[in-house]
Structure formats: C-alpha cells, structure tokens
Amino acid sequence: MGAFYFYFSLTFLAISAITNYFLRKFQNLPPTPWLPPLPIIGHLYLLKRPLHKSLAKISARYGPVQLLQIGSRRVLVVSSPSAAEECLTKNDIIFANRPRQLLAGKYLGYNYDSLVYAPYGDHWRNLRRVTTLEILSSHRLREFEPIRADEVRLMIRKLYRSWSGEAVEVQVNAMLVDLTLNAVMRMVSGKRYYYGKDDILTDEEKEKAHRFQEIVEEVFCAMSVSHIGDYLPILRWLGVSKLEKQLIALQAKRDLFMKELVEEIRCSMKNSGKRNMIQVLLSLQQTEPECYTDEMIRSIMLTILAGGTHTSICTLEWAMSLLVNNPSVLKKAHNEINSHVGHDRCVEESDMVNLPYLACIIKETLRMYPAGPLLPHESSKDCMVSGYHVPRGTMLLVNAWGIQNDPNIWGDPETFRPERFEGVEVYGDGFKLLPFGFGRRSCPGENMAMRMVGLALGSLIQCFEWGRTSKAKVDMNGGTGIALAKTIHLVAMCQPRPIMLNLLSQL
Ligand code: HEM
C-alpha cells in the first residue's frame, strides 16, 4: 500500500510539473522552479527564513526572473539589475501599487490608507506630495539640523560620562534607539521620550515616556517578523487571528497616543517661531481643512516614526558591527575625520561632503545589509518583464539584497570593503545598488536617513575607540522580518579617543 502511495505521489508530481511547464510556455509566463507548487502552500515549501536569502538562492539556481506561487499569491521575484530597472522605470506606474491584503497594511496602515500602503492614485499622490514638500524637503531638514546635532551630542556626552577610565561595554542597539527616537520625536512634536537616569521627570512625563516606549517596542517587534498569514489567508481564518488582535490593539494605542499629542500641540500652538512637523501640518490645516485632516496628520506622523526610525537604527547597528569586525576600516575612518574635522570640534552634517570614506562605509553597509531587503510592489495591469507576460495583480518582489550580494555583480560580496565605492558618486549605478528603492515608491526619507546616519556614525567614530567584547567576531546574522535587523544585538567595548578627551569633557 505504502509503495502504491509513493508511486502515485511521484506520478502526480511529474504530471503537474509537466502540465505546469507547458501551460506557462503557452501563456508566455516567467519561468518557475521545476518543483511544482503544491495545493494551498504553492512554492512555500521551497522557502526558508530569511526570505531574501532563500529567494536569492532560487534565482541563482533557476534564473533572475521567477514567477512563484507563494501560498495564495502569485509573486514575481526579480534579482537582476536589468529586470529591476525594467520594473522600476519602464513599468514603474504599473508596479506602483503595494501588495493588497497585507496584515500590516490593514491594521498599522490605516486600512491601506497610509503613505506606505496606499494604492497608487490621487490619495497616495497627495500624501506623498505633503510628506516630501512639507515634511522631508531639504529646507525643512536644514531647519531641524540643530535637533539632530543636539541629540547626537547628548548621546556622545552620555557615553563619555559612563567611562570610568577603562573601556566600557555598550548596548549599541539600545543607545541607537534612544538617539533616533528622541531625534525623530523632537522633529515631529518637539518632545523627547527617552531619558537618562539623571533626568528628573514628573509622574506625567514618566507615564508618557513609558507608554511611548512600549508602543515603539511593539511596532519594532511587528516589523521584525514576517506575517505568514499574508501568504496563507487560511491561517488567518484558522486562529492566527491572535496576531490580528495584537495588531488591532497596537494600532488603537498608537493612534490614541498621536491623537492626544496632536491635540496638545494644537492647544499650545503659536504662529511664530520654529515649528515642529505637527505644527507645520496644523498650520496648513487652518487654510485647507478638507485636505489636511486630523487622520491624515496622524497617519503621516506615525509613518515617519515607524519608517524613519527602525531603518536608520538597523543601518547604524550593522555599520557599527562591521566596524568592530574590521578594525583597519575603523582606523582609516578615524584618520579621515582627524584630517578633515580635527579634534577641536564635533563632526557636523555639513562635514559629510568632505568625508568620502565615511560615505563609502555607509554605502557598503547598505549594500550588504539593506534595511528593506525586498521591495514589495504589485502590478495594476498586464505587462512584460524580460520578454515574459506578467498578469495584472501579480506581487513583485525586487530582491535588492540579492542584487547587492550577487557574486556575478560584486566581486567578493561577503567582504566588507568600503573602498569599492571610492570614486562612485551615485546610487543608481546601473541598478546594482538600490537600498532606497527607485521610482515613484522609492524612499522619501533618504535625505533625512543619510543625514542622521552620517552624523551619528561620524560622531561615534570621531570620539571613541570601538572594539569587540571577545576575540570572536560579532555575529552578523540578519532577521526574518520586513526590515533587515540584526538577530543578536551588538554589544561593543568603547572608550574615548585620547585626542578627543578635551572636547568630550566640555560637552
Ligand atoms: C537607512 C534608512 C532607510 C532605508 C534603508 C530605507 C529604505 C526604504 C525602502 C527600500 C523603501 C521601499 C522602496 C520601494 O518599495 O521601492 C522605503 C520606503 C519608504 N520609506 Fe524609507 N528607508 C530609510 C529611512 C527612511 C526615513 C528616515 C523615512 C522617513 C522619515 C522613510 C520613509 C519611507 C516611506 C514613507 C516609504 C514608503 C514610500 C511609498 O510607498 O510611497 N524611510 N524606504
């Protein structure tokens, strides 16, 4: 009986593989792995975590354009610069939608109404216009420069004060969370929510800080897992709804927090002086209330908070981990900062143009560990990619990680070598490097991210020596969620650089 089932299954697999092959040929669909999709799960059984690595392996084996059936979704996986370029330039409008029916989009993205999850159309265009022109424009980012500089100074001062003559162990992720969340929240609302142990707080401030930190932790947690229910809706019906309940509760908490914050700022608003992001939007609301609704303001602010912090924190933590594993790179960066900035003043955002090696370190970090390893889009019409027919409603995953770590494109891709970017000016170099995506849905926060990451990393390098806690190299495994975070957070040894002691003691 056992032998019968074995041969029956084998025949079934062979017949479905052959039928699949000829059906695809007939419809001119993109190629697919020769192992056929199974009922309900499709090709899911071929995939492991992290998804970007698993998809890169499939592409290396079967080709850079693959059409997979992942659970209930038809997914086009693109892993070559030329196919990525075709999707994000010639077919950019067609692929300008985000995938439908994502748990995060429904529950954290205001039912697909927020900038990240809204389908391409008038509403998305309006959100994108307001965000890029009013909130993240170069002019606005320059206005907020003193906030970022102040937060970086506070982080450096805190680190210096924790030093008692010997190198100290630093929980790098926690330090970067404090820095980034405080900087972004001060730009958003003028308020900080992460304090040092010497800060004296009222009970109300303590309660708000606690509430805020809890929300941030839960959001980061939601971003660190991939939701399998996005591909297997059956699991959603069968009781994975526990996750849905968590997301509903989290969204209610974040929305309420932001509602109270917007209300508080509205009540204390003056028309003059420097304004935070919420004040900018509330002033616009006064002239165009039907466009700048309260819900839109909350949605944009929560988008900036979630999209703008986790990604920068991940990038900074990867960069620091790479530096402690590669002391010669750290030394070269020290030398560059010594000669262009010196030790009488702190690094500033305007120094970045004179610190090309630091810029190369950031590019190389984003190449090896892009915070968004897969760019998720969806086609709104039938189109052609690499000569194949791609039906409407197909989810597109551009595997940025796969392209940026492909040994046929990048020599020795697993080696951290910032020098490979020396003399290379732009990101869009033949679509080999896409850490911020490309086209209509590309990252609107790139400028802010590069300022924040450059300033923080430059300052940490300028002021301190960094090392590992043991001889063993720092673990470089990456996460399993939407964003590429480190699996094990970095703990590093830190002590002030002797030439910086004078300046550090004055901060
Ligand atoms: C190192 C930091 C960052 C990285 C690596 C990064 C990367 C990305 C990537 C890969 C995408 C998707 C692009 C695509 O689908 O084609 C994206 C979208 C987005 N990013 Fe970033 N990002 C960073 C920082 C920021 C910051 C600081 C903000 C805001 C202040 C931000 C806001 C957004 C938003 C709103 C979207 C969605 C845009 C849309 O769908 O229209 N990001 N980002």
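Colleague: Which word suits Glu364 and Arg420, buried or exposed?
Modeller: This is a predicted model, with residues numbered from 1 along each chain as its sequence is written; local features need pLDDT of at least 70, side-chain atom pairs count only at pLDDT 80 or more, and totals for chains, interfaces and linings use all residues. Side-chain values use heavy atoms, leaving out hydrogens and water. Buried stands for under 20% relative accessible area, exposed for over 50%, and partly exposed for what lies in between (1.4 Å probe, protein chains only). For Glu364 and Arg420 alike, the word is buried.

Colleague: How many residues apart in sequence are the parts that Glu364 and Arg420 tie together?
Modeller: Their side chains meet in a salt bridge (3.0 Å, N to O), a term for a side-chain nitrogen of Lys or Arg within 4 Å of a carboxyl oxygen of Asp or Glu. Glu364 lies in helix α15 (residues 356-368) and Arg420 in the loop between α16 and α17; helices here are DSSP runs of H or I with at least four residues, strands are runs of E with at least two, and both are numbered from the N terminus. The pair therefore links parts whose separation in sequence is 56 residues.

Colleague: Which residues do salt bridges with shared partners join into one network?
Modeller: Shared partners are what link these salt bridges. The network consists of Asp150, Glu151, Arg153, Arg186 and Arg192.

Colleague: Which helices hold Asp150 and Arg186?
Modeller: These two form a salt bridge, with the closest N and O atoms 3.0 Å apart. The pair ties together parts 36 residues apart in sequence, because Asp150 lies in α7 (residues 145-161) and Arg186 in α8 (residues 172-189). Arg186 is buried at 18% relative accessible area, while Asp150 is partly exposed at 21%. So the helices are α7 and α8.

Colleague: How many salt bridges are there by this rule?
Modeller: One of them is Glu134 with Arg140, at 3.7 Å from N to O. By this rule, the count is 29.

Colleague: Which residues have the most contacts inside the largest nonpolar core?
Modeller: A nonpolar core is a set of buried Ala, Val, Leu, Ile, Met, Phe, Trp, Tyr and Cys residues joined through side-chain atoms within 4.5 Å. The largest has 115 residues, and those with the most contacts inside it are Met301, Leu457 and Trp466.

Colleague: Which helix gives this core its largest share?
Modeller: The share is 17 residues. They come from the helix spanning residues 294-325, α13.

Colleague: Which protein residue is the donor to the iron atom of the ligand?
Modeller: Donors are N, O and S atoms within 2.8 Å of the metal (3.2 Å for Na, K and Ca), and sites may look incomplete since water is not among the atoms. The iron has a single donor from the protein, an SG atom 2.3 Å away. In the loop between α16 (400-404) and α17 (446-463) sits that donor residue, Cys443.

Colleague: Which residues does Pro391 contact, leaving aside neighbours within four places in sequence?
Modeller: Pro391 sits in the loop between β6 (388-390) and β7 (395-399), and at 16% relative accessibility it counts as buried. Pro391 and Leu29 are 362 residues apart in sequence, yet 8.4 Å apart in space, C-alpha to C-alpha. With contact meaning heavy atoms within 4.5 Å, the partners are Leu29, Arg74, Ser379, Lys381 and Asp382.
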